[in-house]
Amino acid sequence: MARFKNKKVFVKPVSTKKQANVDHITGDKIPRSFVFSRCKLPGPLRQLQADLRKLMLPYTALKLKEKRRNNLRDFLNVAGPMGVTHFLMLSKTPTAPYLRVARTPQGPTLTFKIQEYSLAVDIARSQKRPRCPADLFKNAPLIVLSGFGTGEQHLKLTTILFQNIFPAIDVNTVKLSSCQRIVLLNYNKDTKLIDFRHYSIRLQPVGVSQRLRRFVQNHQVPDLRNLQDGWLRIRK
């Protein structure tokens, strides 16, 4: 049996700026993640792994580089100093692909069998005007859980795990302009399946005409704060 020493996991940071470990508003520890595979993945699953890493931005290692000889302990050794709290691990068996979501360092770990999936590139190709602004992944997504209130123990555990995989928000101080993505998990009690979806969203004024809505969204409203009130003189 061959043994390997000094095994390392190379992590390229997302940004050169040092990210805070604690949210300056809520005071909570910011959850961070690693997304990696536990075996050699075929091309579509490798792309799915890349999509999952983008979904977990900005608090994940987008350029995480793995080696075949790396085991789970190697990732745990790196995770501690970097403040990583969750692992998302893809694997492939002869029957189906799987996704494991783990809380580090002591669990719990949930295993999901992937029934079917769509890649982000396929979704974009199917849309007439795909939306992907430059700052789309600047902030973490909002998490929405639906259908998990059945009282079953494994669903309660799933709810807690996914609620803590993204940073918490303060509804009194959050800027709506920073909310550009939503991760939706919907549990179907009839099929016992969970739909895992990732949406791009934007603010849109309501109760106005389409022409006025485009005017506001294009930021064409002039700044009138420094102007004086006017008046109109009408001759008889």
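Trainee: What do the buried residues of α4 pack against?

Mentor: They pack against β2, β3, β4, β5 (142-146), β6 and β7 (193-200). Packing is about contact, which means heavy atoms within 4.5 Å. Helices (H or I, at least four residues) and strands (E, at least two) are DSSP runs, numbered from the N terminus. Keep in mind that this is a predicted model: local features need pLDDT of at least 70, side-chain atom pairs count only at pLDDT 80 or more, and totals for chains, interfaces and linings use all residues. Residues are numbered from 1 along each chain as its sequence is written, and side-chain values use heavy atoms, leaving out hydrogens and water.

Trainee: Which residues of α4 are buried?

Mentor: L155, T158, T159, L161 and F162. Buried means under 20% relative accessible area, exposed means over 50%, and partly exposed is in between (1.4 Å probe, protein chains only).

Trainee: Okay, why is H86 called buried?

Mentor: Its relative accessible area is 1%. The cut-off is under 20%, so H86 counts as buried. H86 is found in strand β2, and it touches P31, R32, S33, F34, A102, R103, T104, L161, N164 and I165, leaving out residues up to four places away in sequence.

Trainee: What makes the pair H86 and T85 a polar contact?

Mentor: Their side chains are joined at 2.8 Å. A polar contact is a pair of N or O atoms within 3.5 Å; within protein, one must be able to donate a hydrogen and the other to accept it, and residues adjacent in sequence count only if both atoms are side-chain atoms. The distance of 2.8 Å fits that limit, and the contact is between side chains, so the pair qualifies.

Trainee: And N139: why is that one called partly exposed?

Mentor: N139 has a relative accessible area of 32%. That value is neither under 20% nor over 50%, so N139 falls in between. You'll find N139 in the loop between α3 (120-126) and β5. Skipping neighbours within four places in sequence, N139 is in contact with L57, P58, S178 and R181.

Trainee: How do you know that β1 and β2 pair?

Mentor: Two strands pair if DSSP finds at least two bridges between them. β1 and β2 have five bridges, so they make the cut, in the parallel sense. F34 stands opposite F87 in β2. Strand β2 (residues 86-92) also joins β3 (residues 97-103) through seven bridges, running antiparallel. One partnership there is S91 with Y98.

Trainee: What holds strands of a sheet together?

Mentor: Strands of a sheet pair through backbone hydrogen bonds, either parallel or antiparallel. Here, four strands make an open sheet, ordered β1-β2-β3-β4, with mixed pairing. β1 (33-37) and β4 (109-113) are its edge strands, each pairing on one side only.

Trainee: What makes β5 and β7 edge strands?

Mentor: β5 and β7 each have a single partner strand, so one side of each has no neighbour in the sheet. That open sheet has three strands, in the order β5-β6-β7. β5 and β6 pair in the parallel sense over five bridges, and V144 stands opposite L184 in β6.

Trainee: How does α4 run relative to β5?

Mentor: At about 170°, lying across β5, β6 and β7. Axes are lines fitted to C-alpha atoms, for helices over the stretch in contact, and angles run from 0 to 180 degrees between N-to-C directions. Helix α4 (residues 153-163) also lies across β2, β3 and β4, at about 105° to β4.

Trainee: What makes something a nonpolar core?

Mentor: A nonpolar core is a set of buried Ala, Val, Leu, Ile, Met, Phe, Trp, Tyr and Cys residues joined through side-chain atoms within 4.5 Å. The largest one has 23 residues, and M56, L88, L90, L99, V101 and I165 have the most contacts inside it. Its largest share, four residues, comes from α1.

Trainee: How confident is the predictor in the chain?

Mentor: pLDDT is the predictor's confidence in each residue, from 0 to 100. The chain averages 83, and 80% of the residues score at least 70. Over residues 1-7, though, pLDDT stays under 50.
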